[in-house]
Every structure is written in C-alpha cells, then in structure tokens.
Amino acid sequence: MRDFWGSFTREELTRRLWNMLFWVILRMVLGMGSIYYINQFLAKRQIDLFVGWNMVSLLTTGGLGFGGVLLLYAVSACKFL
C-alpha cells in the first residue's frame, strides 16, 4: 500500500525485495543447471564448446536468465571460431 506521497511501506519493500531475490536465485540455479547439462550434451557429441562455472556465468544467468546462458554459449562459440 502506498501512502499519500507514493512511497512504499516497509512491509511492501521487504516483500518485494524477497520476491526479487527469490527469482534471481531461481534463475541462477536453473541457469547453472542448464549450463551443466548443455556441457554434458556437447561433450557426448564431442563438440569442444564449453562454458565454465564461475562468478561471471553465475551473475549472467542470474541477471538475464536463459538468455544469459545463450549469450555465454554465443561468446564461447565466437571464441571457438
């Protein structure tokens, strides 16, 4: 609920913060899981295209979601060429 000047209450800000944090962590977990399985899939097919597990890939997938995973593989593919 907003007060007269449009600012949010403390409870609403806390709820929004936890909601945002939940979705970022969920995207991180799903993104790193998809990187793991895509790396396994490509290794089985003997394709040398890997994305490492590090803070950059974790923050990219947390911020951008699956689009970040695709971006990491695109950067890795350009390096591969």
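**Salt bridges, core and aromatic contacts in the predicted model**

In this predicted model, a network of salt bridges links Glu12, Arg15 and Arg16. The count of salt bridges comes to 2. In one of them, the side chains of Arg15 and Glu12 meet with an N to O distance of 3.7 Å. These two residues both belong to helix 1 and stand 3 residues apart, about one turn of the helix. Arg16 also forms a salt bridge with Glu12, and here the closest N and O atoms are 3.3 Å apart. Arg16 and Glu12 are 4 residues apart in helix 1, so about one helical turn separates them. The accessibility of the partners was also computed. Glu12 has a relative accessibility of 14% and therefore counts as buried, the cut-off for this class being under 20%. Arg16 is partly exposed, with a relative accessible area of 41%.

Helix 1 also contributes to the nonpolar interior. The largest nonpolar core consists of 8 residues, namely Met32, Ile35, Leu42, Leu49, Val51, Val69, Leu72 and Tyr73. At least two residues of this core come from each of helix 1 (10-44) and helix 3 (66-80). For the core residue Met32, contacts were listed without its neighbours within four places in sequence. Under that restriction, Met32 is in contact with Trp53, Asn54, Ser57, Leu58 and Thr61.

Nonpolar side chains also occur at the surface. Trp18, Leu21, Ile25 and Val29 make a nonpolar surface patch of about 420 Å². Trp18 is located in helix 1. With a relative accessibility of 58%, Trp18 counts as exposed, because this class begins over 50%.

The structure holds 3 aromatic pairs. One of these is formed by Phe22 and Trp23, whose ring centres are 5.2 Å apart and whose planes make an angle of 75°, an edge-to-face arrangement. Phe22 is partly exposed at a relative accessible area of 47%. Trp23 likewise counts as partly exposed, with a value of 44%. In a further pair, the rings of Tyr36 and Trp53 have a centre-to-centre distance of 6.2 Å and an interplanar angle of 85°, so this pair is edge-to-face; the cut-off for that class is over 60 degrees. Tyr36 lies in helix 1, whereas Trp53 is in the loop between helix 1 and helix 2, so the pair ties together parts that are 17 residues apart in sequence. Tyr36 is partly exposed at 38% relative accessibility, while Trp53 is exposed at 54%. One aromatic cluster is formed by Tyr36, Tyr37 and Trp53. Trp53 thus appears both in this cluster and among the contacts of Met32.

The backbone was examined as well. Most residues other than glycine have a negative phi. Gln46 is not a glycine, yet its phi is positive, at about 60°. This residue is found in the loop between helix 1 and helix 2 (55-64). Gln46 has a relative accessibility of 72% and therefore counts as exposed. The loop that contains Gln46 also holds Trp53, the partner of Tyr36 in the aromatic pair described above.

Methods. Residues numbered from 1 in each chain as written. Predicted model: local features only at pLDDT ≥ 70, side-chain atom pairs only at ≥ 80, totals over all residues. Heavy atoms only, no water. Core = buried A, V, L, I, M, F, W, Y, C linked by side-chain atoms within 4.5 Å. Buried < 20%, exposed > 50% of the residue type's maximum accessible area, 1.4 Å probe, protein only. Contact = heavy atoms within 4.5 Å. Patch = residues over 30% accessible without salt bridge, like charges linked within 9 Å, V, L, I, M, F, W, Y side chains within 5 Å. Areas by Shrake-Rupley, 256 points an atom, 1.4 Å probe, with all protein chains shown as cover. Salt bridge = Lys/Arg side-chain N within 4 Å of Asp/Glu carboxyl O. Phe/Tyr/Trp six-rings, centres within 6.5 Å; stacked < 30°, edge-to-face > 60°.
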